[in-house]
Amino acid sequence: GSVVMPKNITVWHGRVLLVVPEEDETSYFVNAFLGEVRRRLTAAGYLATRVCVSRAPKGSCAQLETMLGQTVDFALVMYGTPRIGRMLSASGVPYIDFCGTKPNGKHAWHFPSGDADAKAHFVEHCRRAGVRTVMEVDFGSPGTTSAYAELSAAGIKVRHIAVMPREDRGRLEGIERAAFDFFLRLGRDEFPDLFLVWDDYVARGLLTAMLARGIGVPADVKLVTFANAGFTPVFTKTLTRIEHDPMRCGEMAAEFIRNVLTKGRVPDPPVYVLSYVIGETFPCRP
């Protein structure tokens, strides 16, 4: 009953689950990041399987439940929740959570993105440029990403705005359209010296509204936005931005996973650091 295996058959060293929330399946960052992780793990001989879950308290995690009934060596979780963490801990599968609920356990790690340096460079830029007022803009309920404390400490007045996505347009288009509608109506007397936008789709809506109103960026108002390397909003000028690099992030995650699976020791979890990149929408002073 024995069979000689073909010479070119792939023999996997192990299986890694890439757990992604269904709410973020269309995200550029998520797909670029996980694509790089999968590419590097596949080259190293690991079968990387993508699994979709819901972050909603009672949403479906059926795919994850099914996969945990099979042999799994490791899991990478995007924006995990306590419920997903409990499922993985109960299964005994070691995992690392990217920017989700910080796990507690011997075989669970947190992979944060560090923006402290980028925010420090941004605030110093504002101080040198004489910025007095900043409007921070996000979508949905105000998130944890903010430079409020750092700006306030520098004597800069900050106002935080959260635009509510248009549910009739789909998640990403709904965010962009809601931002466009908000900034189309925003009174000129409410304009700050600088907009700090924590989402690239909000930035798209803002920039489109500024063009529609004939407002110049940076002549009339300056802009700094969060952006992904290689996927920044399209504008007539280069963007000053706090930048994520999903490919570099994926490289770091894959290296960590390979170290856990091959070296028999627990390495320090990675910390991905964002960059502050100066462009034409908030240039350096001459």
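A residue counts as buried here when its relative accessible area is under 20%, and by that cut-off threonine 225 is buried, because its relative accessible area is 0%. The model you have open is a predicted one, and the tour below begins with the whole chain before returning to that threonine.

**The whole chain**

Show the protein as a cartoon and orient it along its principal axes, where the C-alpha atoms fill a box of roughly 80 × 40 × 35 Å. Colouring by secondary structure should bring out eight helices and 13 strands. Of the 286 residues, 49% count as buried, and, among contacts with a separation of 6 or more, 67% are made by residues 24 or more positions apart. If you switch to a surface, about 14200 Å² is exposed, with carbon and sulfur atoms supplying 51% of that area. Colouring the side chains by charge gives 34 positive and 31 negative ones, and the centres of these two sets lie 2 Å apart.

**Helix 7 and its surroundings**

Select residues 200–213 next, which make up helix 7; from its first C-alpha to its last this helix reaches 20 Å, close to the 20 Å expected at 1.5 Å a residue. Helix 7 is mostly covered, with 10 of its 14 residues buried, including Tyr201, Val202, Leu206, Leu207 and Met210, and also the charged Asp200 and Arg204. To see what the buried residues pack against, add strand 7 (133–139), strand 8 (157–163), helix 6 (171–185), strand 9 (194–197) and strand 10 (222–228) to the selection.

Both ends of this helix deserve a closer view. At its start, a side-chain oxygen of aspartate 199 comes to within 2.9 Å of the backbone nitrogen of tyrosine 201. Just after the helix, glycine 214 has a positive phi of about 75 degrees. Following the chain onward, stop at the peptide bond between valine 217 and proline 218, which is cis, with omega about 15 degrees; proline 218 belongs to the loop between helix 7 and strand 10.

**Threonine 225**

Now select threonine 225, which is found in strand 10. Leaving aside residues up to four places away in sequence, threonine 225 touches Val197, Asp199, Asp200, Ala203, Leu239, Thr240, Arg241 and Ile242. Two of these partners, Asp200 and Ala203, are also buried residues of helix 7, while Asp199 is the residue whose side-chain oxygen approaches the backbone nitrogen of tyrosine 201.

**Helix 8**

Move on to residues 246–262, the 17 residues of helix 8, which span 24 Å from first C-alpha to last, close to the 24 Å expected at 1.5 Å a residue. Its N-terminal end is capped by aspartate 245, a side-chain oxygen of which lies 3.2 Å from the backbone nitrogen of methionine 247. Among the buried residues of this helix are Pro246, Cys249, Met252, Phe256, Ile257 and Val260.

**Two loop residues with positive phi**

Finally, go back along the chain to tyrosine 79, in the loop between strand 3 (74–78) and helix 3 (82–91). Phi of tyrosine 79 is near 50 degrees, a positive value in a residue other than glycine. Then select cysteine 99, in the loop between strand 4 (95–98) and strand 5 (108–111), where phi is again positive, at about 55 degrees, although the residue is not a glycine. Is cysteine 99 buried or partly exposed? Cysteine 99 counts as partly exposed, because its relative accessibility is 30%.

Key
Residues numbered from 1 in each chain as written. Predicted model: local features only at pLDDT ≥ 70, side-chain atom pairs only at ≥ 80, totals over all residues. Heavy atoms only, no water. Helix = DSSP H or I, 4+ residues; strand = E, 2+ residues; numbered from the N terminus. Buried < 20%, exposed > 50% of the residue type's maximum accessible area, 1.4 Å probe, protein only. Contact = heavy atoms within 4.5 Å. Areas by Shrake-Rupley, 256 points an atom, 1.4 Å probe, with all protein chains shown as cover. Charge placed at Lys NZ, Arg CZ, Asp CG, Glu CD. Expected span 1.5 Å × (residues − 1). Polar contact = N/O pair within 3.5 Å; in protein donor to acceptor, adjacent residues only side chain to side chain.
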